[in-house]
Amino acid sequence: MDGVLYRGSIVMPQARETLDRLRRAGWQIFFATNNSTATRDDYVRRLASLGLGGDLEHVVTSAYATAHYLERLLPKPKDVLVIGADGLREEIRAVGIEVRDAASLPGAHPPGDAAVDGVSPGAMRRYLTSLTLPPPADTVVIGLDLHFTYAKLAEAQRAILAGARFVCSNRDRAYPVEGRLLPGAGSIVAAVEIATGQQALCIGKPEPFLFEEALRRAGWTRGAGEPAIVVGDSTDYDIVAAHRVGATGVLILTGLTEEASLHDAKGEAVPDHVIRSLEELFAIPELAAV
């Protein structure tokens, strides 16, 4: 969705017309995103407000996929620390797993001298080391957190070093918004990995879980002859994940990837087709008759 159908609140040119044309031709359209900040219900409302259509059955997010991954673990997590947004917390709670409230995180409410940069360099350290700490969480889940702090990094580090499972919704380095890029969840995941010396298990793209769920819902079988097409704006995430599930990978140059960097793509990251706008989608062989 991000960088393909819209950037922030701006709908991309021909997005509505492209979806209408595909629907009239009988294609199933699934909306997949690595962004874990919102629930699927939130995305259905957002898609409706942008005039793009879609329903709950056809929306798959990294937050939803992460929740269902945790649900299948044995033993099942009982106390999850989320470094991320409430959308991720809500999806995990929806499968019956307890998640800590953001406000309960140790260090969430530092005093003035620790909260303000440049007042007292040692104040935050003294504050963090003076806290009465709860038992560490048994699972740490990292997603996009627009309010990421040193205290959150410290608590994630403490739990993981104590033996907590370490999972991330995705590793996106950035995401496109109106007029620029902003850091993605991958930048936060990298900080926690450096702090702990451990690597997170990634649920979102480029891993295949999101697209596998969409294709399962579509009733699609690999190798059965019917095409499945992924349209994404990243070679490293979307195109790799598309190829891992046996789908055609179409790269659109309206988001993360610029044409000049295409020569850097190797192996699974090489797109099957490259388009510069959504209206060019119908020039690829799989959609030429639509």
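Me: At roughly what angle do the axes of helix 7 and helix 8 cross?
Reply: Happy to start there, and do keep in mind that this is a predicted model. Helix 7 covers residues 150-161 and helix 8 covers residues 185-196. Their axes come within 9 Å and cross at roughly 50°.

Me: Is helix 7 roughly parallel, roughly perpendicular or oblique to helix 8?
Reply: The crossing is at roughly 50°. Angles under 35 degrees count as roughly parallel and those from 65 to 115 as roughly perpendicular, so this crossing fits neither group. That makes helix 7, relative to helix 8, oblique.

Me: Which residues of helix 8 are met by residues of helix 7?
Reply: Let's look at both sides of this contact. Helix 7 brings L153, A156, Q157, I160 and L161. On the helix 8 side, they meet A191, V192, A195 and T196.

Me: Which strands stand at the edges of the open sheet?
Reply: Four strands form this sheet with parallel pairing, in the order 5-6-7-10. An edge strand has a single partner, so one of its sides is left without a neighbour in the sheet. The two in that position are strand 5 (80-83) and strand 10 (201-202).

Me: Which residue stands opposite L81?
Reply: Good one to find in the structure! Strand 5 runs parallel to strand 6 (residues 139-142), and four bridges join them. In strand 6, the residue opposite L81 is V140.

Me: Which residues touch the most other members of the largest nonpolar core?
Reply: This core has 28 residues. One of its well-connected members, V82, touches L88, R89, I92, V99 and V141, leaving aside residues up to four places away in sequence. Those touching the most other members are L70, V80, V82, I92, V141 and F211.

Technical notes: Residues are numbered from 1 along each chain as its sequence is written. This is a predicted model: local features need pLDDT of at least 70, side-chain atom pairs count only at pLDDT 80 or more; totals for chains, interfaces and linings use all residues. Side-chain values use heavy atoms; hydrogens and water are left out. Two strands pair if DSSP finds at least two bridges between them. A nonpolar core is a set of buried Ala, Val, Leu, Ile, Met, Phe, Trp, Tyr and Cys residues joined through side-chain atoms within 4.5 Å. Buried means under 20% relative accessible area, exposed over 50%, partly exposed in between (1.4 Å probe, protein chains only). Contact means heavy atoms within 4.5 Å. Axes are lines fitted to C-alpha atoms, for helices over the stretch in contact, and angles run from 0 to 180 degrees between N-to-C directions. Angles under 35 degrees count as roughly parallel, over 145 as roughly antiparallel, 65 to 115 as roughly perpendicular and the rest as oblique.
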